[in-house]
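Work through the exercises below with the sequence and the model at hand. Each task is followed by a solution in steps.

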Amino acid sequence: MSTDKRSAQTLEAEVRHSAGLSRRNVLQCATVIAAGSAAIAMSATALAADAGTAKVSQQAAAYQTSPKNGQRCTDCALFIAPASCKLVDGAISPAGWCKFFAKKT
Ligand code: SF4
């Protein structure tokens with residue numbers, strides 16, 4: 001069982017116990033919290049990209065110097081030729097890849 005699942009179950013039990021809420025109400029609250037967390041993470045990524053500051057480290061982005069599953073930096077909307085990125089810090093290989101890959105449209 002993952003830590004997140006255990007944490008969610010613990011939170012659910014604590015909230016239900018203290019507030020006397022139904023399982024359905026607790027699950028609805030947990031869904032709202034999870035959606036909010038995802039939105040905050042996406043906003044942080046967008047802000048970093050727009051501001052051009054506080055780039056994400058290569059380690060945090062899981063950057064690698066080789067393509068992954070056919071995806072490569074030259075095909076990413078965040079790539080800046082010849083060797084940088086709007087989001088990820090440091091030298092970026094055109095043939096590289098990271099978990100923030102966003103295909104050019
Ligand atoms: S794949 Fe990652 S490192 Fe490469 S250009 Fe896109 S965001 Fe930057």
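**Exercise 1: positive phi**

Asn 69 lies in the loop between H2 and S1, where helices (H or I, at least four residues) and strands (E, at least two) are DSSP runs numbered from the N terminus. The model is predicted: local features need pLDDT of at least 70, side-chain atom pairs count only at pLDDT 80 or more, and totals for chains, interfaces and linings use all residues. Residues are numbered from 1 along each chain as its sequence is written.

Task: describe the backbone and the burial of Asn 69 and of Ala 62.

Solution.
1. Most residues other than glycine have a negative phi. Asn 69, not a glycine, has a positive phi of about 50°.
2. Asn 69 counts as exposed, because it has 7 C-beta neighbours inside 10 Å. The classes are buried (20 or more other C-beta atoms within 10 Å of the residue's own), exposed (12 or fewer) and partly exposed (in between), with C-beta atoms placed from the backbone.
3. Ala 62 is in the loop between helix H2 (23–51) and S1. Its phi is near 55°, again a positive value in a residue other than glycine.
4. Ala 62 has 13 other C-beta atoms within 10 Å, so it is partly exposed.

**Exercise 2: a cis peptide**

Task: locate the cis peptide bond and give its omega.

Solution.
1. Most peptide bonds are trans.
2. The cis bond joins Ala 81 and Pro 82, with omega about 10°.
3. Pro 82 sits in the loop between strand S1 (79–80) and strand S2 (84–85).

**Exercise 3: core and ligand shell**

Task: list the largest nonpolar core and characterise the residues around the ligand.

Solution.
1. A nonpolar core is a set of buried Ala, Val, Leu, Ile, Met, Phe, Trp, Tyr and Cys residues joined through C-beta atoms within 7 Å. The largest has 12 residues: Val 56, Ala 61, Tyr 63, Cys 73, Cys 76, Phe 79, Cys 85, Leu 87, Val 88, Ile 92, Trp 97 and Cys 98.
2. There are 15 residues around the ligand (C-beta atom, placed from the backbone, within 6 Å of it). Cys 73, Cys 76, Phe 79, Cys 85 and Cys 98 come nearest.
3. This shell has 14 nonpolar residues, 1 polar and no charged. Ala, Val, Leu, Ile, Met, Phe, Trp, Tyr, Cys and Pro count as nonpolar, Asp, Glu, Lys and Arg as charged, and the others, Gly among them, as polar.

**Exercise 4: the whole chain**

Task: summarise the chain's fold pattern and burial.

Solution.
1. The chain has 2 helices and 2 strands, in the order α-α-β-β.
2. Of its 105 residues, 12% are buried.
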